[in-house]
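Me: I have a model open and I'd like to learn how to read it feature by feature. Can you walk me through it?

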Amino acid sequence: MSTKADSKPIISVTPDCKGCDHCTEICPTRAIQGQLGERHHIDYKNCVNCGQCLINCPFGAIADMTMVNQVKEALQDPNKYVVSQCAPAVRAALGEEFGMPVGTLVKGKMFAALRKLGVKQVYDTEFTADLTIMEEGTELIERILHGKGPLPQFTSCCPAWIKYAEDHYPKFFPYLSSAKSPQQMFGEFQQVRGFEAVRDATIDIKGTPVRVAIVHGLKNVEPLINDVMNGRSRYHFIEVMNCPGGCVNGGGQPIRHDLAI
Ligand code: SF4
Ligand code: SF4
(Lines give C-alpha, C1' and ligand atoms only; values in the text may rest on other atoms or scores of the structure.)
(Ligands and ions follow the chains in the order given, each with its own letter.)
Protein backbone atom coordinates (compact mmCIF):
# COMPACT_ATOMS: atom_id res chain seq x y z
CA MET A 1 0.00 0.00 0.00
CA SER A 2 1.18 3.55 -0.72
CA THR A 3 2.88 5.31 2.16
CA LYS A 4 2.22 8.86 0.98
CA ALA A 5 0.37 9.63 4.21
CA ASP A 6 3.12 8.21 6.38
CA SER A 7 5.09 11.45 6.52
CA LYS A 8 2.09 13.39 7.83
CA PRO A 9 1.35 13.47 11.55
CA ILE A 10 -1.58 11.33 12.68
CA ILE A 11 -3.11 14.29 14.55
CA SER A 12 -2.65 17.96 13.59
CA VAL A 13 -4.03 21.37 14.51
CA THR A 14 -5.58 23.21 11.54
CA PRO A 15 -5.74 26.97 10.91
CA ASP A 16 -9.33 26.89 12.27
CA CYS A 17 -7.91 26.80 15.80
CA LYS A 18 -9.32 29.67 17.91
CA GLY A 19 -6.84 29.27 20.74
CA CYS A 20 -9.58 28.52 23.27
CA ASP A 21 -7.14 26.31 25.21
CA HIS A 22 -9.73 23.58 25.89
CA CYS A 23 -7.50 20.88 24.38
CA THR A 24 -4.64 21.58 26.79
CA GLU A 25 -6.94 20.45 29.61
CA ILE A 26 -8.01 17.36 27.70
CA CYS A 27 -4.60 16.14 26.51
CA PRO A 28 -3.37 13.37 28.84
CA THR A 29 0.32 14.04 28.13
CA ARG A 30 0.35 17.86 27.96
CA ALA A 31 1.49 17.56 24.37
CA ILE A 32 -0.69 20.33 22.99
CA GLN A 33 0.28 23.88 23.80
CA GLY A 34 -0.26 27.50 22.85
CA GLN A 35 -1.17 30.97 24.05
CA LEU A 36 -4.80 31.78 24.73
CA GLY A 37 -6.29 33.26 21.53
CA GLU A 38 -3.49 31.91 19.32
CA ARG A 39 -3.27 28.78 17.19
CA HIS A 40 -2.08 25.86 19.27
CA HIS A 41 0.50 23.28 18.26
CA ILE A 42 1.34 19.69 19.13
CA ASP A 43 4.67 18.58 20.56
CA TYR A 44 4.98 15.26 18.74
CA LYS A 45 7.61 13.95 21.13
CA ASN A 46 4.91 13.79 23.81
CA CYS A 47 1.81 13.11 21.70
CA VAL A 48 0.52 9.54 21.99
CA ASN A 49 -1.92 9.92 19.04
CA CYS A 50 -4.96 9.23 21.19
CA GLY A 51 -7.23 11.73 19.37
CA GLN A 52 -8.90 13.01 22.54
CA CYS A 53 -8.10 16.60 21.51
CA LEU A 54 -9.78 15.93 18.14
CA ILE A 55 -13.07 14.68 19.53
CA ASN A 56 -13.20 17.39 22.21
CA CYS A 57 -12.21 20.50 20.22
CA PRO A 58 -15.36 22.69 20.20
CA PHE A 59 -14.36 24.22 16.84
CA GLY A 60 -13.51 21.05 14.93
CA ALA A 61 -10.02 22.48 14.46
CA ILE A 62 -8.05 19.25 14.87
CA ALA A 63 -7.67 16.81 11.99
CA ASP A 64 -6.47 13.25 11.78
CA MET A 65 -4.65 11.44 9.02
CA THR A 66 -6.85 9.68 6.51
CA MET A 67 -6.03 6.55 4.53
CA VAL A 68 -9.26 6.58 2.50
CA ASN A 69 -7.52 7.21 -0.82
CA GLN A 70 -5.09 4.35 -0.23
CA VAL A 71 -8.02 2.03 0.51
CA LYS A 72 -9.81 3.16 -2.69
CA GLU A 73 -6.64 2.53 -4.70
CA ALA A 74 -6.28 -0.95 -3.22
CA LEU A 75 -9.93 -1.82 -3.95
CA GLN A 76 -9.53 -0.73 -7.58
CA ASP A 77 -6.30 -2.68 -8.08
CA PRO A 78 -7.09 -6.07 -9.69
CA ASN A 79 -3.78 -7.45 -8.43
CA LYS A 80 -4.63 -6.85 -4.78
CA TYR A 81 -6.62 -9.17 -2.52
CA VAL A 82 -8.15 -6.83 0.05
CA VAL A 83 -9.14 -8.06 3.50
CA SER A 84 -10.45 -6.03 6.45
CA GLN A 85 -10.52 -6.43 10.20
CA CYS A 86 -13.10 -4.52 12.26
CA ALA A 87 -12.54 -3.47 15.86
CA PRO A 88 -15.47 -3.88 18.29
CA ALA A 89 -16.14 -0.17 18.88
CA VAL A 90 -16.73 0.51 15.17
CA ARG A 91 -19.92 -1.54 14.91
CA ALA A 92 -21.71 0.90 17.25
CA ALA A 93 -19.93 4.06 16.05
CA LEU A 94 -20.99 3.55 12.43
CA GLY A 95 -24.68 3.33 13.31
CA GLU A 96 -24.39 6.53 15.32
CA GLU A 97 -22.61 8.26 12.43
CA PHE A 98 -25.54 7.34 10.15
CA GLY A 99 -28.13 8.79 12.54
CA MET A 100 -29.23 5.66 14.39
CA PRO A 101 -29.81 5.72 18.17
CA VAL A 102 -26.59 5.61 20.21
CA GLY A 103 -25.56 2.01 20.83
CA THR A 104 -27.25 0.54 17.74
CA LEU A 105 -25.13 -2.36 16.52
CA VAL A 106 -24.64 -2.48 12.75
CA LYS A 107 -22.20 -5.37 12.46
CA GLY A 108 -24.16 -7.15 9.70
CA LYS A 109 -24.69 -3.94 7.70
CA MET A 110 -21.00 -3.07 8.07
CA PHE A 111 -19.83 -6.47 6.85
CA ALA A 112 -22.27 -6.37 3.90
CA ALA A 113 -21.12 -2.85 2.97
CA LEU A 114 -17.46 -3.90 3.02
CA ARG A 115 -18.22 -6.86 0.77
CA LYS A 116 -20.12 -4.57 -1.65
CA LEU A 117 -17.15 -2.23 -1.74
CA GLY A 118 -15.02 -5.11 -2.94
CA VAL A 119 -13.36 -6.38 0.24
CA LYS A 120 -12.71 -10.08 -0.34
CA GLN A 121 -12.69 -11.21 3.28
CA VAL A 122 -13.98 -9.49 6.40
CA TYR A 123 -12.59 -10.53 9.79
CA ASP A 124 -13.86 -9.66 13.23
CA THR A 125 -11.38 -8.63 15.92
CA GLU A 126 -13.40 -10.72 18.40
CA PHE A 127 -11.75 -13.80 16.92
CA THR A 128 -8.21 -12.64 17.68
CA ALA A 129 -9.36 -11.28 21.04
CA ASP A 130 -10.33 -14.81 22.03
CA LEU A 131 -6.81 -15.96 21.22
CA THR A 132 -5.38 -13.06 23.19
CA ILE A 133 -7.49 -13.87 26.24
CA MET A 134 -6.00 -17.34 26.35
CA GLU A 135 -2.46 -16.09 25.81
CA GLU A 136 -2.60 -13.24 28.30
CA GLY A 137 -4.47 -15.30 30.90
CA THR A 138 -1.84 -18.02 30.66
CA GLU A 139 0.87 -15.38 31.07
CA LEU A 140 -0.81 -14.04 34.22
CA ILE A 141 -1.12 -17.51 35.74
CA GLU A 142 2.57 -18.15 35.07
CA ARG A 143 3.49 -14.89 36.76
CA ILE A 144 1.29 -15.51 39.82
CA LEU A 145 1.98 -19.22 40.34
CA HIS A 146 5.52 -19.62 38.98
CA GLY A 147 7.06 -16.16 39.27
CA LYS A 148 7.63 -15.92 35.53
CA GLY A 149 7.65 -12.14 35.39
CA PRO A 150 6.95 -9.25 37.76
CA LEU A 151 3.52 -8.27 39.08
CA PRO A 152 1.27 -6.52 38.39
CA GLN A 153 0.92 -7.49 34.77
CA PHE A 154 -0.25 -4.52 32.70
CA THR A 155 -2.30 -4.90 29.51
CA SER A 156 -0.77 -3.94 26.19
CA CYS A 157 -3.83 -3.41 24.00
CA CYS A 158 -4.03 0.39 24.02
CA PRO A 159 -1.46 1.88 21.60
CA ALA A 160 -1.59 5.27 23.33
CA TRP A 161 -0.72 3.64 26.65
CA ILE A 162 2.13 1.65 25.08
CA LYS A 163 3.62 4.76 23.44
CA TYR A 164 3.34 6.58 26.76
CA ALA A 165 5.11 3.73 28.58
CA GLU A 166 7.83 3.61 25.90
CA ASP A 167 8.40 7.37 26.08
CA HIS A 168 8.23 7.86 29.85
CA TYR A 169 8.83 4.53 31.57
CA PRO A 170 11.16 2.37 29.41
CA LYS A 171 12.21 0.37 32.49
CA PHE A 172 8.57 -0.60 32.93
CA PHE A 173 8.53 -3.04 30.04
CA PRO A 174 8.83 -6.26 32.08
CA TYR A 175 5.45 -5.40 33.62
CA LEU A 176 3.68 -5.18 30.25
CA SER A 177 1.97 -8.24 28.87
CA SER A 178 3.67 -9.74 25.84
CA ALA A 179 0.26 -10.56 24.32
CA LYS A 180 -1.11 -8.44 21.47
CA SER A 181 -4.59 -6.95 20.94
CA PRO A 182 -6.32 -8.24 24.06
CA GLN A 183 -9.42 -6.03 23.81
CA GLN A 184 -11.58 -8.53 25.60
CA MET A 185 -9.17 -9.71 28.27
CA PHE A 186 -11.57 -8.60 30.93
CA GLY A 187 -14.61 -10.36 29.50
CA GLU A 188 -15.06 -12.33 32.70
CA PHE A 189 -14.38 -9.32 34.95
CA GLN A 190 -17.24 -7.12 33.72
CA GLN A 191 -18.26 -6.23 37.27
CA VAL A 192 -15.26 -3.92 37.65
CA ARG A 193 -16.07 -1.84 34.55
CA GLY A 194 -17.22 1.74 34.91
CA PHE A 195 -16.26 5.34 34.28
CA GLU A 196 -14.40 6.18 37.47
CA ALA A 197 -10.71 6.81 36.83
CA VAL A 198 -9.62 3.69 38.71
CA ARG A 199 -11.81 0.72 39.62
CA ASP A 200 -10.69 -2.50 41.18
CA ALA A 201 -11.90 -5.89 42.34
CA THR A 202 -10.64 -9.05 43.93
CA ILE A 203 -11.48 -12.30 42.19
CA ASP A 204 -11.05 -15.70 43.80
CA ILE A 205 -9.49 -18.13 41.35
CA LYS A 206 -9.33 -21.61 42.87
CA GLY A 207 -8.52 -20.22 46.33
CA THR A 208 -6.06 -17.59 45.12
CA PRO A 209 -7.30 -14.01 45.53
CA VAL A 210 -6.34 -12.12 42.37
CA ARG A 211 -6.53 -8.33 42.66
CA VAL A 212 -7.29 -6.55 39.39
CA ALA A 213 -7.73 -2.91 38.44
CA ILE A 214 -8.85 -0.87 35.45
CA VAL A 215 -7.57 2.65 34.91
CA HIS A 216 -8.87 5.15 32.33
CA GLY A 217 -6.71 8.08 31.30
CA LEU A 218 -2.94 8.31 31.26
CA LYS A 219 -3.00 11.10 33.87
CA ASN A 220 -4.52 8.56 36.26
CA VAL A 221 -2.04 5.79 35.59
CA GLU A 222 0.99 7.63 36.98
CA PRO A 223 0.12 7.01 40.68
CA LEU A 224 -0.33 3.30 39.91
CA ILE A 225 3.05 3.19 38.13
CA ASN A 226 4.71 4.98 41.06
CA ASP A 227 3.22 2.41 43.45
CA VAL A 228 4.67 -0.40 41.32
CA MET A 229 8.08 1.26 41.12
CA ASN A 230 8.13 1.77 44.89
CA GLY A 231 7.02 -1.80 45.67
CA ARG A 232 3.66 -0.64 47.07
CA SER A 233 1.28 -2.00 44.42
CA ARG A 234 -1.35 -4.44 45.72
CA TYR A 235 -2.47 -5.57 42.26
CA HIS A 236 -1.75 -8.64 40.15
CA PHE A 237 -3.27 -7.28 36.95
CA ILE A 238 -3.97 -3.77 35.65
CA GLU A 239 -5.77 -2.86 32.45
CA VAL A 240 -4.84 0.58 31.09
CA MET A 241 -6.94 2.47 28.54
CA ASN A 242 -6.17 6.00 27.47
CA CYS A 243 -9.67 7.09 26.54
CA PRO A 244 -12.59 7.58 28.97
CA GLY A 245 -14.50 4.31 29.07
CA GLY A 246 -12.14 2.71 26.54
CA CYS A 247 -12.21 2.54 22.74
CA VAL A 248 -15.92 3.44 22.56
CA ASN A 249 -14.84 7.02 23.39
CA GLY A 250 -11.64 6.88 21.34
CA GLY A 251 -10.26 9.41 18.91
CA GLY A 252 -11.85 7.80 15.83
CA GLN A 253 -15.38 7.77 17.23
CA PRO A 254 -18.22 10.06 16.10
CA ILE A 255 -17.96 13.52 17.60
CA ARG A 256 -20.99 14.27 19.80
CA HIS A 257 -20.86 17.28 22.13
CA ASP A 258 -24.50 16.77 23.11
CA LEU A 259 -24.05 13.44 24.89
CA ALA A 260 -22.74 12.40 28.28
CA ILE A 261 -21.91 8.74 27.61
S1 SF4 B 1 -9.62 23.08 21.54
FE2 SF4 B 1 -9.52 23.40 19.31
S3 SF4 B 1 -9.83 25.61 19.01
FE4 SF4 B 1 -9.37 25.30 21.20
S5 SF4 B 1 -7.13 25.63 21.30
FE6 SF4 B 1 -7.45 23.43 21.03
S7 SF4 B 1 -7.36 23.11 18.79
FE8 SF4 B 1 -7.62 25.30 19.14
S1 SF4 C 1 -3.66 13.17 20.19
FE2 SF4 C 1 -3.82 12.82 22.42
S3 SF4 C 1 -1.72 13.05 23.18
FE4 SF4 C 1 -1.74 13.93 21.10
S5 SF4 C 1 -2.11 16.12 21.43
FE6 SF4 C 1 -4.12 15.15 21.11
S7 SF4 C 1 -4.87 14.67 23.19
FE8 SF4 C 1 -2.66 15.06 23.34
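Reply: Sure. A good start is the share of buried residues: here they make up 25% of the 261 residues in the protein chain. Keep in mind that this is a predicted model.

Me: What about secondary structure: how many helices and strands are there in the protein chain?

Reply: The protein chain has eight helices and ten strands. You can then look at how contacts spread along the sequence. Taking contacts between residues at least 6 apart, 63% join residues at least 24 apart.

Me: How do I read a nonpolar core, and which residues touch the most other members of the largest one?

Reply: Think of a core as buried nonpolar residues linked to one another through C-beta atoms within 7 Å. The largest one here has 37 residues, and Cys53, Ile62, Ala160, Trp161 and Val240 touch the most other members. Two or more residues of this core come from each of β1 (11-13), α2 (52-56), α7 (159-168), β9 (208-216), α8 (218-229) and β10 (237-241). On the domain level, domain 1 (4-64) and domain 3 (126-247) each give at least three residues to this core.

Me: Can we zoom in on one member? What is alanine 160 in contact with, beyond its neighbours within four places in sequence?

Reply: Alanine 160 is in contact with Val48, Asn49, Cys50, Leu218 and Asn242. Cys50 turns up again in the next stop, as one of the closest residues to ligand 2.

Me: Good, ligands next. Which residues come closest to ligand 2?

Reply: For a ligand, list the shell and then sort it by class. Ligand 2 is surrounded by 14 residues, with Cys27, Ile32, Cys47, Cys50 and Cys53 the closest. That shell splits into ten nonpolar, four polar and no charged residues.

Me: And which residues come nearest to ligand 1?

Reply: Cys17, Cys20, His22, Cys23 and Cys57 come nearest, out of 13 residues around ligand 1. By class, its shell holds eight nonpolar, three polar and two charged residues.

Me: Now the backbone. Where do I find a positive phi in a residue other than glycine?

Reply: Try aspartate 21, whose phi is near 80°. This aspartate lies in the loop between β1 and α1 (22-26). Another case is arginine 30, with a positive phi of about 55°, in the loop between α1 and β2 (32-33).

Me: Why does aspartate 21 count as partly exposed, and why is arginine 30 exposed?

Reply: It's a matter of counting neighbours: 12 or fewer other C-beta atoms within 10 Å means exposed, and 20 or more means buried. Aspartate 21 has 15, so it is partly exposed. Arginine 30 has 12, so it is exposed.

Me: Which peptide bond is cis?

Reply: Check omega: it is about 0° for the bond joining leucine 151 and proline 152, which is cis. Proline 152 sits in the loop between α6 (125-146) and β7 (153-154).

Me: How would I read a single helix, say α4: which of its residues are buried?

Reply: Pick out the buried residues, then see what they pack against. In α4 (residues 90-97) they are Arg91, Ala93 and Gly95, and they pack against β5 (83-86) and α5 (107-117). Just after α4, glycine 99 has a positive phi of about 90°.

Me: Last one: how far apart in space are asparagine 249 and glycine 51?

Reply: Compare sequence and space. The two are 198 residues apart in sequence and 9.8 Å apart from C-alpha to C-alpha. Asparagine 249 belongs to the segment after β10, and it is partly exposed because 18 other C-beta atoms lie within 10 Å.

Terms used:
Residues numbered from 1 in each chain as written. Chains lettered and ligands numbered in written order. Predicted model: local features only at pLDDT ≥ 70, side-chain atom pairs only at ≥ 80, totals over all residues. Near = placed C-beta within 6 Å. Nonpolar A, V, L, I, M, F, W, Y, C, P; charged D, E, K, R; others polar. Helix = DSSP H or I, 4+ residues; strand = E, 2+ residues; numbered from the N terminus. Contact = placed C-beta atoms within 7 Å. Domains from an automatic or database assignment.
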